[in-house]
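Please bring up the structure and keep the sequence at hand. We will walk through it together, one part at a time.

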Amino acid sequence: MWHFASRLTNYAAYMTSKKVTPAREEAETKQVQRALKELSVFGTTQRRPPETRHDRELWWSNHFQWLKDRGYLLRARYVPDWSPSWNPSSKGRFEHEDSRKLEVGHVIDATRISDGRFVTLKRIEKSVHPYEVDIGLYFSSESLGNHLENHCIPIYEILSLDDNETVIIVMPLLRSYSDPPFDTFGEALECFRQLFEGLRFMHKHHVAHRDCMNRNLMLDPNSMYPESFHPMETRMKRDFSGPATHFTRTQRPSKYYLIDFGISRKYDPSDTDPKELPIWGGDKEVPEFQNSNEPRNPFPTDVFYIGNAIMKDFIQTKKGFDFMRPLVADMIQSDPSKRPTMEEVVARFDSICHSLSRTKLRSRIANNEEDVIEKLIHAASHWRRRIWFIARGIPAIPKLSS
C-alpha cells in the first residue's frame, strides 16, 4: 500500500537523480496528482490491493445480473463471484485486465449483448442532477440527433431502477479528446472546429453546458481503434495481450463530443440574458467566479471553459500554436461581456484555418519539452506518414464523411 508522503518522496528523488523524458515526467506527475485527489476525496492515499474490489465497484457488481438481464454485460471483475485471474502473491498481477479498478464510481464500461458494441453506463441520481437526462435526450432526439453540427454525446437507452430515483444512461464508449496525441496541426484544427461547432449548436438551442472543460471533451475512437482498447488502461488492448494499435486522425477521421450535462441548463428562447449563481465545474480558473457569488450569464462562461482548454492543452504546452492565441485570448479574457459569442468564435476560427498553408497543416505537433532524441524519432515516422498522405491526396485537415 502506498502512502502519499512516500510517493512524493520517490517522485522527487526520481526527478532529481536522472534525466527524465517528458512522457515519464507526465506519468509521474499524474501519479502524484492522483494521490492528491485521493487524499482530498477519501482522506487517505492507502490503496486496496487489486484483488479487492473498491466500495465504488460493489454497486456495479451487485447489479451485474440486473444489467445482464437488460442486455449489458460488465467485465469479468464485476461478476458477483469473481476471483482474480492471477495468483494474489504474484508480482505480475498488473498484467491482467481484471486488475484494473474503476476510477470514477458512477461510470463503467459494458458490452451490449445484442451486437457486441462497447458502451458506457453512467449512474445518475435524479435528485442531484435533475436536468441531465432531459438535456441528453433532447440532443439525442430524432430532430436533432443526426444534425451534422450536433456534438453532444448520444444516449442509446435509459435504464430505470425500481427506486424511481436512480437511472443509468447508456452511451458510446469514448476516450479523452487528446488521447492519442495529435500528429499534425490539421488534426488539431479539425478537433477545434468540431468542438466550437458543437458548443455553438448547444447555444443555438438555448442550452449552456456550464462545464465544458477539457475532461468533458471526448473522442469517438471506433474508427481509430478498430480492435478497441481497455477502458481503464487505454494504451492497452482490451484483453491486455499488448499495446492497443490505432490509426492517426488523418488516416481515420473521427468525431469529437461534449459530454456530462449534469449542471447544464436549457433556457426559454425569450430569455436573452439568463442568470445563474456560480457553480464550480472542473476548471477552477473562471474569472467571474473568483471573488463574487453574483449571478452570471452562463453562456460567456462556456466560451471561457472551452477557450481555456485549448490554452492549457495546446498553446501553453505545445509548439506552433501562436496562430490561435489572439482568438483564445479573447475567449478567456476576464470580462465576460467582452468575450466573443460562439457564433463569432466559429467565424473567426474559419478565417484562421483559411490563412494557414498546407505545409503548416501537415506539420508535426511537438511538445514544448521534447528533447533532441525524441524529435528525431517522432520526425522520422511523421515524415513517412506525411509523404504517404500527400502521394495519395489525403486532405491535410481530416474530414468526417457526412
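The tour below starts with the whole chain, then turns to two helices, and ends with the spaces inside the fold.

Keep in mind that this is a predicted model. The chain has 402 residues, and 48% of them count as buried. Its secondary structure consists of eleven helices and ten strands. How do the contacts spread along the sequence? Taking contacts between residues at least 6 apart in sequence, 69% join residues at least 24 apart.

Let us begin with helix α9, which runs over residues 342-355. This helix has 14 residues, and the distance from its first C-alpha to its last is 20 Å, close to the 20 Å expected at 1.5 Å a residue. Which residues of α9 are buried? They are M342, V345, V346, F349, I352 and C353. These residues cover an arc of only 120° around the axis, so they sit on the same side of α9. The spacing of such a set follows from helix geometry: an α-helix has 3.6 residues a turn, so residues three or four places apart point the same way. On the other side of α9 you will find H354 and S355, which are exposed. If you look for what covers the buried residues of α9, the cover includes α6 (185-204), α7 (298-315) and α8 (325-331).

One residue of this helix is worth a stop of its own. M342 lies in α9. Is M342 buried or exposed? M342 counts as buried because its relative accessible area is 2%, and buried means under 20%. Setting aside neighbours within four places in sequence, M342 is in contact with F196, L199, R200, H203, V303 and I306. Another link across the sequence is to D302: the C-alpha atoms of M342 and D302 are separated by 8.9 Å, although the two residues are 40 residues apart along the chain.

For a contrast, turn to D69, which lies in helix α4 (residues 64-69). D69 counts as exposed because its relative accessibility is 56%, and exposed means over 50%. Along the chain, D69 and I113 are 44 residues apart, and their C-alpha atoms are separated by 9.8 Å.

Next comes helix α11, spanning residues 372-391. With 20 residues, α11 reaches 28 Å from its first C-alpha to its last, close to the 28 Å expected at 1.5 Å a residue. Where α9 buries residues such as V345 and F349, the buried residues of α11 are E374, H382, R386 and F389. Seen down the axis of α11, these buried residues fall within an arc of 75°, so they line one face of the helix. The face turned away from that buried side carries the exposed residues I373, L376, I377, R384, I387 and A391. Just after α11, G393 takes a positive phi of about 70°.

Now for the spaces within the fold. How many cavities of 30 Å³ or more does a search of the whole structure find? The search finds three. The largest cavity has a volume of about 70 Å³. Its lining is made up of R210, E276, L277, P278, I279, F289, R296, N297, P298, T301 and Y305. By class, these lining residues divide into six nonpolar, two polar and three charged.

The second largest cavity takes us back to α11. This cavity holds about 60 Å³ of space, and D183, T184, T250, R362, H382, R385, R386, F389 and A396 line it. α11 gives the most to this lining, with four residues. Among the lining residues are H382, R386 and F389, which also appear among the buried residues of α11. The lining of the second largest cavity has two nonpolar, three polar and four charged residues.

The last stop is a pocket. The second largest pocket contains about 390 Å³ of space. Of the 19 residues that line this pocket, H147, L148, N150, K255 and L400 are the closest to its centre. Which helix gives the most to the lining of the second largest pocket? That is α6, with three residues, and α6 is also part of what covers the buried residues of α9. By class, the pocket lining has six nonpolar, eight polar and five charged residues.

Terms used:
Residues numbered from 1 in each chain as written. Predicted model: local features only at pLDDT ≥ 70, side-chain atom pairs only at ≥ 80, totals over all residues. Heavy atoms only, no water. Helix = DSSP H or I, 4+ residues; strand = E, 2+ residues; numbered from the N terminus. Expected span 1.5 Å × (residues − 1). Buried < 20%, exposed > 50% of the residue type's maximum accessible area, 1.4 Å probe, protein only. Arc of directions from axis to C-beta. Contact = heavy atoms within 4.5 Å. 1 Å grid on protein atoms, 1.4 Å probe; cavity = no way out; pocket = protein on both sides within 12 Å on 5 of 7 lines; lining within 4 Å. Points joined across faces, edges and corners; volume = space filled by probe spheres on them. Nonpolar A, V, L, I, M, F, W, Y, C, P; charged D, E, K, R; others polar.
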